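Here is a short tour of a protein chain for anyone new to reading structures. Keep the picture open while you read.

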Amino acid sequence: MLQDAIIPRFAREYETMTKITYIEHGGAEHVVDADNGQTIMEAAVKNAVPGIDADCGGACACATCHVFVDAAWMDKVGQPESMEESMLDFASERKETSRLSCQIQVTDALDGLVVRLPEVQG
Ligand code: FES
């Protein structure tokens, strides 16, 4: 009975973990097990990834969670909505692959995602 209760719980927790790799401007890599439903920003903050300050707490109002999504992942991650698009104008070093990590939700489809941090957030 106890086994029936524990194994499904562990299985569920395992299934909801998604690996995200954050690469600092200097090249240091941080591989994080993120919970589905979190944002990429929340997973970084929870795991003390340097360079994701998230000053506004995820309200899409500061751009201190700016990341460059690896080009191979852009289709899966998708494009920013209009509010994020406006805030990205305040991000330095903006590129085609720029996103605010607080606006990207972790899902199974993003398992293996790689994002890089801008130099100013180093
Ligand atoms: S945490 Fe402020 S815009 Fe993402």
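## Two strands side by side

Let's start in the sheet: Y22 stands opposite V115 in β5. Keep in mind that this is a predicted model. Y22 belongs to the covered face of β1, along with T18 and I20. The uncovered face of β1 holds M17, K19, T21 and I23.

β1 covers residues 17-23 and pairs with β5 in the parallel sense, over four bridges. You can pick out further partners in β5: I20 stands opposite L113, and I23 stands opposite R116.

## A closer look at β5

Which way do the side chains of β5 point? They alternate along residues 113-116. L113 and V115 point to one face and are buried, while V114 and R116 point to the other face and are not buried.

β5 also pairs with β3, which spans residues 66-69. That pairing is antiparallel, with two bridges, and V69 has V115 as its bridge partner in β5.

## The hairpin

Now go back to β1 and look at β2. These strands run antiparallel and are joined by seven bridges. Here M17 stands opposite D35 in β2.

β1 and β2 make a hairpin, with five residues between the strands. In the turn you'll find G27, with a positive phi of about 105°.

## The whole sheet

In what order do the five strands of the sheet line up? The order is β2-β1-β5-β3-β4, and this open sheet has mixed pairing. β2 (29-35) and β4 (98-100) sit at the edges with a single partner strand each, so one side of each has no neighbour in the sheet. On average, neighbouring strands are turned by 40° against each other, ignoring direction.

Let's zoom out to the whole chain. The chain has four helices and five strands, and along the sequence they follow the pattern α-β-β-α-β-α-α-β-β. Among contacts with a separation of 6 or more, 65% are between residues 24 or more positions apart.

## The nonpolar core

In soluble globular proteins, nonpolar side chains tend to be buried together. In this chain of 122 residues, 26% count as buried. The largest nonpolar core has 24 residues, and I20, I40 and A44 are the ones that touch the most other members. At least two residues of this core come from each of β1, α2 (40-46), β3 and β5. Which element gives the largest share of the core? That is α2, with four residues.

What does A44 touch, if you leave aside neighbours within four places in sequence? A44 is in contact with Y22, V32, V49, I52 and S101. So Y22 turns up again here, as a contact of A44.

## A stop in the loop

One last residue to find is N47, in the loop between α2 and β3. Is N47 buried or partly exposed? N47 has 15 C-beta neighbours inside 10 Å, and because a buried residue needs 20 or more while an exposed one has 12 or fewer, N47 counts as partly exposed.

Not counting residues up to four places away in sequence, N47 touches H30 and V32. N47 and V32 are 15 residues apart along the chain, yet their C-alpha atoms are separated by 6.9 Å. V32 is also one of the contacts of A44.

Technical notes
Residues are numbered from 1 along each chain as its sequence is written. This is a predicted model: local features need pLDDT of at least 70, side-chain atom pairs count only at pLDDT 80 or more; totals for chains, interfaces and linings use all residues. Two strands pair if DSSP finds at least two bridges between them. Two residues are in contact if their C-beta atoms, placed from the backbone, lie within 7 Å. A nonpolar core is a set of buried Ala, Val, Leu, Ile, Met, Phe, Trp, Tyr and Cys residues joined through C-beta atoms within 7 Å. Axes are lines fitted to C-alpha atoms, for helices over the stretch in contact, and angles run from 0 to 180 degrees between N-to-C directions.
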